[in-house]
Amino acid sequence: YARIVGTRGCSFACDFCSPSLLWKNNHTGKPVRRLRDPKRVVDEIEYLYNQNYEAFYFDDPTFPFKSEPGFYKVIISELKERKIQITWSAPTRSDELSEKILHELYDSGFTYTYFGLETDQKEKLMDMENYFDIEHSLNVIKWCDQIGIHCDVSYQVGLPGDNLESIIKSLQWLEEHGLQKKSFFSIAAIWPETPLAQKYGITSDDFEPEIDKKRLEAKGLYFFEPGNPQIERYYSNCSGNFHFIDEETAIQIKYYLMDAGFIKRFD
C-alpha cells in the first residue's frame with residue numbers, strides 16, 4: 001500500500017491540536033484547509049497503481065467529505081472513469097460523514113476510516129473547542145458496520161480534571177457501546193504553541209531537555225520521559241510530552257483496558 005496526502009490543515013481549531021496553527025490565514029488567524037487538485041491526486045494514485053500498488057491511505061489531518069464535497073466526488077469519479085480499482089482509506093471527523101456519503105465511498109473501494117471520539121463528556125469537548133454530536137458519531141460507526149467499512153475511534157484518557165475513577169467511568173461508556181475492538185487511545189497531551197499550552201503557561205522552552213519539572217507539576221502537569229515500554233506500546237502520542245495524569249495512573253488504565261478486552265494490538 002502507499003500513503004498519500006490530499007489536503008493539509010483542518011477547518012477546526014481544537015485546543016489540543018496543531019494543524020490549525022500550521023495552516024491558517026495569516027491575516028485573520030483562522031484555520032484553513034489547503035486542497036490539492038483532485039485530478040492530480042488521482043494522477044499520483046494512477047502512477048503508483050501502474051506499479052502494482054493496490055491500497056492507499058490518505059495521511060491527511062482530517063479528510064474533508066461533507067465540507068468539501070467536490071473534492072472527494074472528483075476523486076471517486078476519476079477512479080471510476082480511469083478504471084482504477086483500488087481500496088483506500090482516510091481519517092476524518094464524524095461530522096464529515098453521512099450514511100449517503102459512506103455508501104458512495106464504499107462503492108469506490110473505501111474500506112477504512114477513523115475519527116476522534118475523544119471523550120463521552122460533552123462539557124469537556126466544549127472546553128477544548130472540539131464540540132461534535134456524540135450521537136451522530138455513534139451512528140457513523142453503526143452505518144460503517146452495516147455498509148462494510150471498518151471504523152475505529154481514537155479516544156483520549158487523562159483530560160484536564162480527570163482521575164483514575166473518572167477515566168474508568170468514561171471507558172465503561174465505550175464498553176456499553178461495544179467499542180472494545182474499535183478504539184485506540186492516547187493520553188491527553190499538551191503540544192507546543194497550542195491553545196492548551198497557552199492556557200497552562202507552557203512555552204516552547206519547556207520542551208527542551210532541561211526543564212523545571214517541579215514548576216510544571218505545580219500546575220498539575222506531568223512530563224513523560226521517552227522510552228517507557230509500559231506506556232509507549234499501548235498509547236499513541238505519549239512520550240516527551242506534558243500530561244494531566246502521572247505515569248502510574250496511565251499504567252493502571254492500561255491494565256484496565258487489557259482486562260476489559262480493548263485493542264487487539266495489546267495481545
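Accessible areas are obtained by the Shrake-Rupley method with a 1.4 Å probe, and for residues only the protein chains shown count as cover. The model is predicted: local features need pLDDT of at least 70, side-chain atom pairs count only at pLDDT 80 or more, and totals for chains, interfaces and linings use all residues. Residues are numbered from 1 along each chain as its sequence is written, and side-chain values use heavy atoms, with hydrogens and water left out.

**Exercise 1.** State how much surface the protein chain exposes and what share carbon and sulfur atoms supply.

Solution. The exposed area is about 13,600 Å². Of this area, 48% comes from carbon and sulfur atoms. As for the interior, 46% of the 267 residues are buried (under 20% relative accessible area, 1.4 Å probe, protein chains only).

**Exercise 2.** Describe the overall dimensions of the protein chain.

Solution. Along the principal axes, the C-alpha atoms fill a box of roughly 60 × 45 × 35 Å. The chain has 11 helices (H or I, at least four residues) and 11 strands (E, at least two), taken as DSSP runs. Its radius of gyration, taken over C-alpha atoms, is 20 Å, close to the 18 Å of the globule rule (2.2 Å times the number of residues to the power 0.38) for 267 residues, so the chain is as compact as a globular protein of that length.

**Exercise 3.** Determine the strand order and edges of the sheet that contains β11.

Solution. Three strands form an open antiparallel sheet in the order β9-β11-β10; pairing requires at least two DSSP bridges. The edge strands are β9 (189-190) and β10 (222-224), each paired on one side only. Three bridges join β10 to β11 (residues 241-243). Tyrosine 222 stands opposite histidine 243 in β11.

How values were computed:
Buried means under 20% relative accessible area, exposed over 50%, partly exposed in between (1.4 Å probe, protein chains only).
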